Amino acid sequence: MKIYMCVVCGWIHDEAAGRPEDGLAPGTCWADVPEDWRCPECNVGKADFVMCEV
């Protein structure tokens with residue numbers, strides 16, 4: 001599982017944790033997140049996220 005960070009606001013998405021309140025079950029791979037999904041903090045799209053090393 002990987003971690004992705006929003007380059008605009010710094011919000012972190014952890015694939016292992018998911019985001020159930022936004023319909024992303026724990027373990028959902030970033031590739032499987034819908035293209036129209038938006039950052040819950042600043043509302044930018046998936047294109048504005050980068051994979052981070054942990």
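**Rings, charges and a loop residue in a predicted model**

Colleague: Let's start with the rings: how many aromatic pairs are there?
Modeller: Bear in mind that this is a predicted model. Rings of Phe, Tyr and Trp count as a pair if their centres lie within 6.5 Å. Going by that rule, the number of aromatic pairs is six.

Colleague: Take W30 and F49: are their rings stacked, edge-to-face or tilted?
Modeller: The ring centres are 5.1 Å apart, with the planes at 45 degrees. Stacked needs planes under 30 degrees apart and edge-to-face needs over 60. The angle fits neither, so the W30 and F49 pair is tilted.

Colleague: And how many residues apart are W30 and F49?
Modeller: W30 sits in the loop between β2 (12–14) and β3 (49–52), while F49 is in strand β3. The pair therefore links distant parts of the chain, and the separation between W30 and F49 is 19 residues.

Colleague: Are W30 and F49 buried or exposed?
Modeller: Under 20% relative accessible area counts as buried. W30 comes in at 9%, and F49 at 8%. Both values fall under the cut-off, so W30 and F49 are buried.

Colleague: Which residues form one aromatic cluster with W30 and F49?
Modeller: We've already seen that the rings of W30 and F49 make a tilted pair. Their cluster also takes in three other residues, namely Y4, W11 and W37.

Colleague: Which residue puts its charged end over the ring of W30?
Modeller: For a charge to sit over a ring, NZ of Lys or CZ of Arg has to be within 6 Å of the ring centre. Here the charged end is 5.3 Å from the centre of the W30 ring. The residue that does this is K46.

Colleague: With which residue does K46 form a salt bridge?
Modeller: The closest N and O atoms in this bridge are 3.3 Å apart, and the limit for a salt bridge is 4 Å. K46 and its partner lie in the loop between β2 and β3, so the bridge ties together parts that are eleven residues apart in sequence. K46 is buried at 9% relative accessible area, whereas the partner counts as exposed at 62%. That partner is E35.

Colleague: What about the rest of the charges: which residues join into one salt-bridge network?
Modeller: There are three salt bridges by the 4 Å rule. R19 meets E21 in one of them at 3.0 Å, N to O, and R19 also bridges to D22, with the closest N and O atoms 2.7 Å apart. Bridges that share partners join up, and the network is made of R19, E21 and D22.

Colleague: Within that network, which residue is buried?
Modeller: E21 is exposed, with a relative accessible area of 57%. D22 is partly exposed at 35%. At 19%, the residue that falls under the 20% cut-off, and is therefore buried, is R19.

Colleague: Where is the acidic residue E15, and how far is its C-alpha atom from that of I3?
Modeller: E15 is in the loop between β2 and β3. Its relative accessible area is 5%, so E15 counts as buried. Along the chain E15 and I3 are twelve residues apart, yet their C-alpha atoms are separated by 6.2 Å.

Colleague: Which backbone oxygen does the side chain of T28 reach?
Modeller: T28 is placed in the loop between β2 and β3. With a relative accessible area of 17%, T28 is buried. Its side chain makes a contact at 2.6 Å, and the backbone oxygen belongs to A25.

Colleague: On the surface, which residues make the nonpolar patch?
Modeller: The patch covers about 230 Å². One of its members, V50, is in strand β3. V50 counts as partly exposed at 35% relative accessibility. The full set of patch residues is V7, V8 and V50.

Colleague: Last one: which residue has a positive phi although it is not a glycine?
Modeller: Most residues other than glycine have a negative phi. The residue with a positive phi of about 75 degrees lies in the loop between β2 and β3. Its relative accessible area is 47%, so it is partly exposed. The residue is N43.

Note on methods. Residues numbered from 1 in each chain as written. Predicted model: local features only at pLDDT ≥ 70, side-chain atom pairs only at ≥ 80, totals over all residues. Heavy atoms only, no water. Helix = DSSP H or I, 4+ residues; strand = E, 2+ residues; numbered from the N terminus. Buried < 20%, exposed > 50% of the residue type's maximum accessible area, 1.4 Å probe, protein only. Lys NZ or Arg CZ within 6 Å of the ring centre and 35° of its normal. Patch = residues over 30% accessible without salt bridge, like charges linked within 9 Å, V, L, I, M, F, W, Y side chains within 5 Å. Areas by Shrake-Rupley, 256 points an atom, 1.4 Å probe, with all protein chains shown as cover. Salt bridge = Lys/Arg side-chain N within 4 Å of Asp/Glu carboxyl O. Polar contact = N/O pair within 3.5 Å; in protein donor to acceptor, adjacent residues only side chain to side chain.
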